[in-house]
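Colleague: Please take one part of this model and look at it closely. Then work outward from there, step by step. Short sentences suit me best.

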Amino acid sequence: MTTTIQTTPQKAKVYAIFDNPPVVFACRINQVFSGTDRIASFVFDSVTTGAYSDCLPGMTVLFGTAPGANDAGISYCRKTPTSVRFFCGESSDVAFADNLYVTALQDWGVWTETMTVTDAQVEYMKYDVAYTDQHLHLLPVPVIGPDRVVRYNGSPVSVSFDGSGSWAFDSTIASHAWSCAGATITGGSTATPTLSFSATGRYLVKYTVTSAAGAVSSTYRTVHVWAPGSGPAVYDVLLGTMTGDFNNGGWDYTITVSSNAAADIRVRSKIILFSEEWYGNDLISYGPCVGAENVVAIGWVGNEKIVVDVNQGLVTFEAHGPHYWLQQEHNFIPVGLVLVSGTPASWMEMATLNTDRALWHYLMWRSTLSNCVDIHLTGNTDSCIQFSAQANSLWDQLKELSFNYILALPCTDRYGRLFVQIDPVLVPVASRSGIPVTASIGHDDCESMSIDRLEVPATSQILLSGVVSTGTYASPSDKALFSLAPGHIPGHYGSPTNVDKLVLVSQAQANELAGNVLEKARLPYRFNFSNLLYNNRLVDICPRQFVYATIASPDSVRGISYVGNAVVKTIEMVIDQGAWKINWKGEPETKANLYTTGDTPVVTGLDGNGDFTTTNFIFPKMPPMPGFGGGGIIPSPPPPAPVIITPSACDDSLAVNTSLIWDKTTLTGVAGDNTTTAWNRCVVRNGSYLDIAVVYQTGVTPTFHCYAIDRSGNNLVPGSISVTDYGYFGARTEAFLHITFAPVSNTAADGFEFGIDVGTYIFNEGIPQTNPVTPSVGGPDPFNTNLTYSVTNNDLADGIYSFHASGSYDCEYVYNGAWTLIRAEMSHIIPTTGQFWLHVTGTIIDIDHGGRGGNPSFQIDGHGGFPNPTTVPLSSNTTNEIDFLWPCNLPGQAAENCGDVQFTISSYGGHEEIWSLEFTLYWSDAVPMQPNVTLSPADLYNVCPAT
Amino acid sequence: MTISDFKIGTTLAGMTNLEALTAPISAPRTPFKPWATSVVAASGVSIGKGFPSCQWIFSQLTPAQRDQLRAFCTGKSATVYIRTMTNDSSDSYANYQAIMAWPDDEKRDPTKRHDRLELTIAFTMLVLQS
């Protein structure tokens, strides 16, 4: 009978190996330091172990006041030392001192590697590696799987490795080389060697891969050959729940061991969990990595999660995969790459640039990750002219570089292998056939199945935009794309979501992607498969994969059925009574359904009956431009073509304080935060400054934020922003911003893109008010309001602006004829001419009309060009459906007198409940709608125009 | 000539019949669990999970007999090899590697001789040996 993953009974034992790497080199510091900041090397003497040449790049190095101690700090070997000088990772966090003990271990971990930039703007990677041709002949990436654990039974045991997954950009793998002291290697120059071990012990495997272009990379793994009482210490452990969470990026778990093991374990010690498993009576393991099926997980002891329980003599460690350590390591900026034509001449340039290449640069030159784990990237080849990431942790920068451009995310599996991949449900449906289905799950396969229906934030619309980039950074040739899902008209509920600045391929791809994003955002179902009957470690949270789920309608009282793929997002594993107890949580596969190109839509009238001609409606055809923070542009005029910053064209002979007219005076709304943004580009020199006037509605307090991005895509913080409020003129307030560029230290001109955000309120929350008529009996009305507002679409580029109000208020006692109102102002919208409409729909419930002074009513009113107040009578003690359209002509009105709308609910005593009132403004192409915040034409001093 | 086939040892080849020990021990009562727990699938199908386990229950042991067993497990638990009766048929024995757990308390029955012990030894994580 063949043993399969469903052969029962199934049993499992789990053990742990705390990797205890040997010391390869030990010495003492022989140098007096004037300070401990930015130390990258030191002179050594008093060598007690090994030779300096035994130190390899990336090795863990301990600094302590005693041999082998790390009380002064931990770092890594940056490059092989000379006979007198040791090169460590640049650090300000080690208490460097003369005579400190230095211990280099045969161990590789996850570290950031610093870059340096000289005053002459020359960059160096890994502290002092100058650019030569590293972006022409790109380092190959070694891929060989995880560490291995094998049991020794008295006769030689074999371990196979497979390096055939190694890869290189613009080249092929030309050669493989394997070395392992103590092992007999067969096929040591092939991709698939076999290593034979004749004794227990810890063995180091070095794999070196060379590309056809001559670039060389190495990576290291350990093989632990063990037997009871012999070889590497194998611990019986209490395994807490192992949790793999895609949203968290990887696996975390706790293990408890007896206290006598604690002394061997330090922070960042590698833990290899492995198992002995039986399917029926056969000792066998099934896992996703050939040759490492018995390896359960690889992690590193957490920094501050060690709890010593003296009474029970146990120690509990929290261990984490590489995702956690990447989150702990703060990386250095600038992180940016630009696309150039011809041969790259610096660390910031590439001749072919896409997400994977940006990630490659980041992982291979800014971190030591490839020394110890496999790296798998997206495979996406869509070109972009520049990539950048903000100062953040290594992990967050990985996410930014992958998600912001192509919606991919990083994740590490139980072995610690890094995968950066696009979510399966965001992959075009036609391309999903390549995603493996690793298991099937149904009611015969788990103890219980449940379906959670979540109240997810409703997404009314996806506004997806980006570019197809075909040029270079110096000479861009981008085609902008804009897609909408479900279509031009948002869904009735929820808020729109902008997904912008993407790197796209085609309009069709953008459209389907918008549809996929919408379906994923709206998905309310989550699957829970609890306590799998069969030990299945083939399924992981990454690489991307499906499980095939079968839920029959009779299995749920709601009659829900589902037969199809699901994506496992969370896995919990624990050893329970000698067997794995595994839970999966996931989501059903979704597919794009409703989407369209974001061009001029078909409009049949606001009420769907063709009441209005459609020719005077126009929607934007251009999406926001990527990479520069610009949002969508208000319908008219269309956005300007990208301006190329070429500092060399700047005429340095221009007189100081030559002014440049700021030509960007329109702003656009940003979903969710009611801010507006405008960008301009210029060339600035040291001492440049900008004066700009901002006009906004009196009574609000705008926030100002200024950005500057240099031509390499690096964010620079302007030197200062000072705001002088010149007071208000009627309904308008004018502020004056003076912005300097102090960080620009070089006197030569440099190119910058410069933008300003002005945060203000487009919609002003209503304020309950009472009729100024003072009640003669009973005093002022003790009204009670609970009215909330949310802006559901404030992207003015749509030609639609809408907000949602809901809540209730009470008017318990009002004297004869007095009334209560709730006032809301739709401010800061400037329809300077033409026509627009306000469409109000919703429900107002009169809960308990007081019966005094007539029925309640709903009244809408506005400033300036609005017609006379329109009143809708409401029926008492019942539900009132509101649906009316309010046209507004605004000929010749001054801007500050237009656009404010207020609504009033009059209740002559009683309890009114507003339920889902939706206000939507539509405007025609004759109305260049703008937020009521404008930037004046500005003078840019000491600048010269971008060309 | 032994009557039963219960054996114990520190190696598979070195197991000794309980009746052949220096102080012979007669066959214990032996409840045997073929799996540690069972899981009922959502469809109603049930399977066993986890390792087999068994107990050797001795109603009265002399100190010499007890010490012989204790020698195989000087601490709280030890890895041993046993040959014990399974549930498969009336006289079916099998060899296992097992974790032998010494009981937390040893009972002395006042109705019996004071130097006689009631002892229940649990063997868990049974792994069938060929």
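Modeller: Start with chain B: from the N terminus on, its elements run β-β-β-β-β-β-α-β-β-β-β. That makes 1 helix and 10 strands. Keep in mind that this is a predicted model.

Chain B has 130 residues, and 47% of them are buried. Now take its contacts between residues at least 6 apart in sequence. Of these, 57% join residues at least 24 apart.

Zoom in on a single residue of chain B. S92(B) sits in the loop between strand 7 (77-85) and strand 8 (93-101). Is S92(B) buried or exposed? Its relative accessible area is 17%. The limit for buried is under 20%, so S92(B) counts as buried. What does S92(B) touch, apart from its neighbours within four places in sequence? The answer is T84(B), M85(B) and T86(B).

Next, step across to the other chain. The contact takes 20 residues from chain B and 22 residues from chain A. About 1,700 Å² is buried between chain A and chain B, and carbon and sulfur atoms give 63% of that area. On the chain A side, K13(A), L533(A) and Q577(A) supply 31% of the area buried against chain B. No other three residues supply more.

Two of those three names lead further into chain A. Take Q577(A) first. Q577(A) lies in the loop between strand 40 and strand 41 (579-588). At a relative accessible area of 46%, Q577(A) is partly exposed. Its phi is positive, about 55 degrees, although Q577(A) is not a glycine. Why point that out? Most residues other than glycine have a negative phi.

S46(A) makes a similar case. Its phi is near 50 degrees, again a positive value in a residue other than glycine. S46(A) belongs to strand 3 (residues 39-49) of chain A. With 41% relative accessibility, S46(A) is partly exposed.

The backbone has two more points to check. Most peptide bonds are trans. The bond from A485(A) to P486(A) is cis, with omega near 5 degrees. P486(A) is in the loop between strand 36 (478-485) and strand 37 (495-503). The bond from C542(A) to P543(A) is also cis, with omega near 0 degrees. P543(A) is in the loop between strand 38 (525-532) and strand 39 (546-551).

Now go back to the other name, K13(A). It brings us to a pocket. The second largest pocket holds about 1,300 Å³ of space. Of the 46 residues that line the pocket, K13(A), V14(A), Y15(A), D236(A) and E276(A) are the closest to its centre. Strand 22 (residues 270-279) of chain A gives the largest share of this lining, with 5 residues. By class, the lining has 26 nonpolar, 14 polar and 6 charged residues.

Closed spaces come next. Rolling a probe the size of a water molecule over the atoms shows where empty space is left. How many cavities of 30 Å³ or more are there? The count comes to 7. The largest cavity has about 100 Å³ of space. Its lining has 16 residues, and the closest to its centre are F246(A), Q421(A), P424(A), I541(A) and R544(A). Strand 31 (408-412), strand 32 (418-422) and strand 40 (562-576) of chain A each give two or more residues to this lining. The classes are 11 nonpolar, 2 polar and 3 charged.

The second largest cavity has a volume of about 80 Å³. Among its 13 lining residues, D147(A), R221(A), C372(A), V373(A) and Y415(A) are the closest to its centre. The lining of the second largest cavity divides into 7 nonpolar, 1 polar and 5 charged residues.

Finish with the packed interior. The largest nonpolar core has 104 residues, and F42(A), F63(A), F86(A), F96(A), W360(A) and L464(A) touch the most other members. Helix 2 (residues 355-365) of chain A gives the most to this core, with 7 residues. A second, separate core has 44 residues, including V237(A), V257(A), L273(A) and A297(A).

From L464(A), move to A510(A), in helix 4 (residues 507-522) of chain A. A510(A) has a relative accessible area of 0%, so this residue is buried. A510(A) touches L464(A), L481(A), S483(A) and L504(A), leaving out residues up to four places away in sequence. C-alpha to C-alpha, A510(A) and L484(A) are 9.0 Å apart in space, with their positions 26 residues apart in sequence counted as the separation.

Notes: Residues are numbered from 1 along each chain as its sequence is written. Chains are lettered from A and ligands numbered from 1 in the order in which they are written. This is a predicted model: local features need pLDDT of at least 70, side-chain atom pairs count only at pLDDT 80 or more; totals for chains, interfaces and linings use all residues. Side-chain values use heavy atoms; hydrogens and water are left out. A nonpolar core is a set of buried Ala, Val, Leu, Ile, Met, Phe, Trp, Tyr and Cys residues joined through side-chain atoms within 4.5 Å. Buried means under 20% relative accessible area, exposed over 50%, partly exposed in between (1.4 Å probe, protein chains only). Helices (H or I, at least four residues) and strands (E, at least two) are DSSP runs, numbered from the N terminus. On a 1 Å grid over the protein atoms alone, a cavity is a set of points where a 1.4 Å probe fits but cannot get out, and a pocket is an open set with protein on both sides within 12 Å along at least five of seven lines; lining residues have an atom within 4 Å of a point. Grid points are joined across faces, edges and corners, and a volume is the space filled by probe spheres set on the points. Ala, Val, Leu, Ile, Met, Phe, Trp, Tyr, Cys and Pro count as nonpolar, Asp, Glu, Lys and Arg as charged, and the others, Gly among them, as polar. Contact means heavy atoms within 4.5 Å. Buried area is the accessible area (1.4 Å probe) that two parts lose on being put together, summed over both.
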